[in-house]
Amino acid sequence: MDLATELWQRYQDWLYYHAELGLYVDISRMRFTPDFVSAMEPKLKQAFADMKALESGAIANPDEQRMVGHYWLRAPELAPTVDLRQDIVTTVDRIEAFVRDVHTGAVHPPNAAKFTNILSIGIGGSALGPQFVAQCLATAEPPLQISFIDNTDPDGIDLVLAQLGDRLATTLAIVISKSGGTPEAANGAKEVQYAYEQAGLDFSKYAVAVTGKDSSLEKLAKQSGWLDVFPMWDWVGGRTSELSAVGLLPAALQGVDIRAMLQGAKIMDAATRVENLKQNPAALLAIAWYFSGNGKGEKDMVVLPYKDRLLLFSRYLQQLIMESLGKEKDLAGNTVYQGIAVYGNKGSTDQHAYVQQLREGVANFFATFIEVLHDSDKPHPEVEVGITSGDYLSGLLQGTRQALYENGRDSITVTIPTVSALNVGALIALYERTVSFYASFVNVNAYHQPGVEAGKKAAAKVLALQTRLMELLKAEGGKLSLEQIAEKIAATSEIEVLYRIVRHLHANQRLHLEGELSKPASLLVSLN
Ligand SMILES: O=P(O)(O)OC[C@H]1O[C@H](O)[C@H](O)[C@@H](O)[C@@H]1O
């Protein structure tokens with residue numbers, strides 16, 4: 001057999017197709033051998049068993065002692081208790097009722113007939129899914145336009161608020177935070193509340209919360225009489241929360257068919273329960289990932305959707321995959337340093353940016369092409385005889401896949417018929433399950449994120465040091481060197497941190513510096 005015939009055969013042997021979704025998964029351009037597939041059998045068997053246990057309510061997140069229930073969000077009948085089932089069903093109904101009221105104007109801002117905009121405030125899993133869905137299912141004239149604040153960057157906040165301008169008076173603010181205590185989200189809420197107040201508007205008449213039970217955000221929302229509060233549950237992780245109120249509420253407000261998203265995910269979940277490698281798209285992806293990185297994440301995943309609407313998919317997957325799999329310890333307590341690095345933007349745009357390195361440079365990655373078969377709902381001109389822009393996009397995808405393969409670079413291709421709510425739900429579910437399978441293969445807890453805490457704790461210490469510094473400056477009144485400050489507040493081991501705090505405060509006119517900026521030791525710090 002020549003190479004072309006061999007590859008065509010391999011393509012057909014491994015091609016997965018889901019008839020109802022019209023979705024294909026092709027892992028034929030990953031160079032695994034039959035021996036590798038046989039060797040994976042025990043791991044695959046274990047992954048199927050783990051999936052069953054998880055779905056029936058096992059404590060799949062042992063160190064947080066939590067069940068992992070994002071699969072129940074689209075199949076409440078599978079949730080292990082009646083109460084959970086009820087909660088899930090009621091929440092979707094409540095979201096739809098609230099959204100209907102907002103769209104009709106039954107719920108409206110104090111001085112206008114209808115809300116025109118949404119301002120979504122949240123970070124991480126409380127932003128990435130909503131942002132991804134907002135972009136991929138966007139329409140030119142949605143019932144409400146959405147903007148996001150997903151950081152504690154005052155300048156970023158200024159820009160979003162300035163873009164809203166007078167429309168703030170018809171903007172519904174959704175504060176999304178599972179824990180209710182994430183500083184970026186809490187700061188965003190305070191900043192936005194301040195902006196409403198500055199505009200003479202009563203924030204509570206514009207605000208909705210999506211948060212966990214008894215969180216500080218829930219208390220605040222209830223005490224202040226916000227418009228509504230929708231629940232997040234401890235058995236849904238932030239990065240798998242797009243199909244909970246976190247994602248459904250903003251999506252429904254923008255006019256997205258959330259029942260279709262849930263349905264797509266449900267169909268995909270059923271497909272990824274099939275205990276047969278070739279008939280299970282998530283199992284196929286997971287073994288392909290395992291093969292590529294040797295089960296140790298030795299290769300990065302470059303996600304290349306050839307569709308503008310899917311631009312944010314790689315960013316969404318970045319959190320889903322890296323926060324889930326990037327772990328120091330495995331479930332047995334061994335030090336493993338697991339993970340898979342994920343990056344990407346979109347094709348063909350990236351072909352004019354970094355694909356040069358992918359083709360010829362360091363071969364430390366595998367690509368995932370996301371292909372969308374349907375070009376557009378509108379008529380388009382031919383850009384060359386018999387060739388449309390869509391043909392170009394399609395040709396460039398095939399060409400890049402081929403060029404990479406010829407140079408020893410493997411790739412996966414996931415193909416969907418169109419970017420619809422159904423298929424977006426299915427894509428989300430496909431990758432959620434793939435992460436579950438892969439985590440089982442490498443025996444890590446995919447559902448906690450202990451590493452995130454370290455940076456947060458260190459940041460809290462920096463801010464505490466800033467408070468001590470300012471108190472000292474107020475008390476002393478005069479000019480002090482960094483060394484004197486460090487001694488006086490018993491922080492000599494943190495003098496560099498102090499210096500950087502001082503430099504930041506100086507740049508924001510919150511204190512005064514004298515001396516040579518290039519020589520930190522020469523600086524004298526004072527309040528005026
Ligand atoms: O929804 P929140 O509780 O505000 O959390 C937002 C995000 O913050 C954290 O740092 C976690 O690492 C993420 O998994 C989470 O999605």
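K222 and E218 lie four residues apart in helix 7 (residues 216-223), so about one helical turn separates them. In this predicted model, the side chains of K222 and E218 meet in a salt bridge, with 3.5 Å from N to O. The two partners differ in their surroundings: K222 is exposed because its relative accessible area of 57% is over the 50% cut-off, whereas E218 is buried because its relative accessibility of 12% is under the 20% limit.

A second pair, R66 and E64, also forms a salt bridge, and here the closest N and O atoms are 3.4 Å apart. What degree of exposure does R66 have, at 26% relative accessibility? R66 counts as partly exposed, because values between 20% and 50% fall in that class. E64 likewise counts as partly exposed, at 31% relative accessibility.

A third pair joins E55 to R433 through a salt bridge whose closest N and O atoms are 3.2 Å apart. This pair links distant parts of the chain, for E55 belongs to helix 2 (residues 34-55) and R433 to helix 14 (residues 421-442), 378 residues apart. Are these two residues buried or exposed? Both E55 and R433 are buried.

Returning to helix 7, K222 is exposed, at 57% relative accessible area. Elsewhere, salt bridges that share partners join E55, R433 and R273 into one network. How many salt bridges does the model hold in total? The count comes to 21, and the pairs described here are among them. As a general point, side chains of opposite charge can pair when their charged atoms come close.

Technical notes: Residues are numbered from 1 along each chain as its sequence is written. This is a predicted model: local features need pLDDT of at least 70, side-chain atom pairs count only at pLDDT 80 or more; totals for chains, interfaces and linings use all residues. Side-chain values use heavy atoms; hydrogens and water are left out. A salt bridge is a side-chain nitrogen of Lys or Arg within 4 Å of a carboxyl oxygen of Asp or Glu. Helices (H or I, at least four residues) and strands (E, at least two) are DSSP runs, numbered from the N terminus. Buried means under 20% relative accessible area, exposed over 50%, partly exposed in between (1.4 Å probe, protein chains only).
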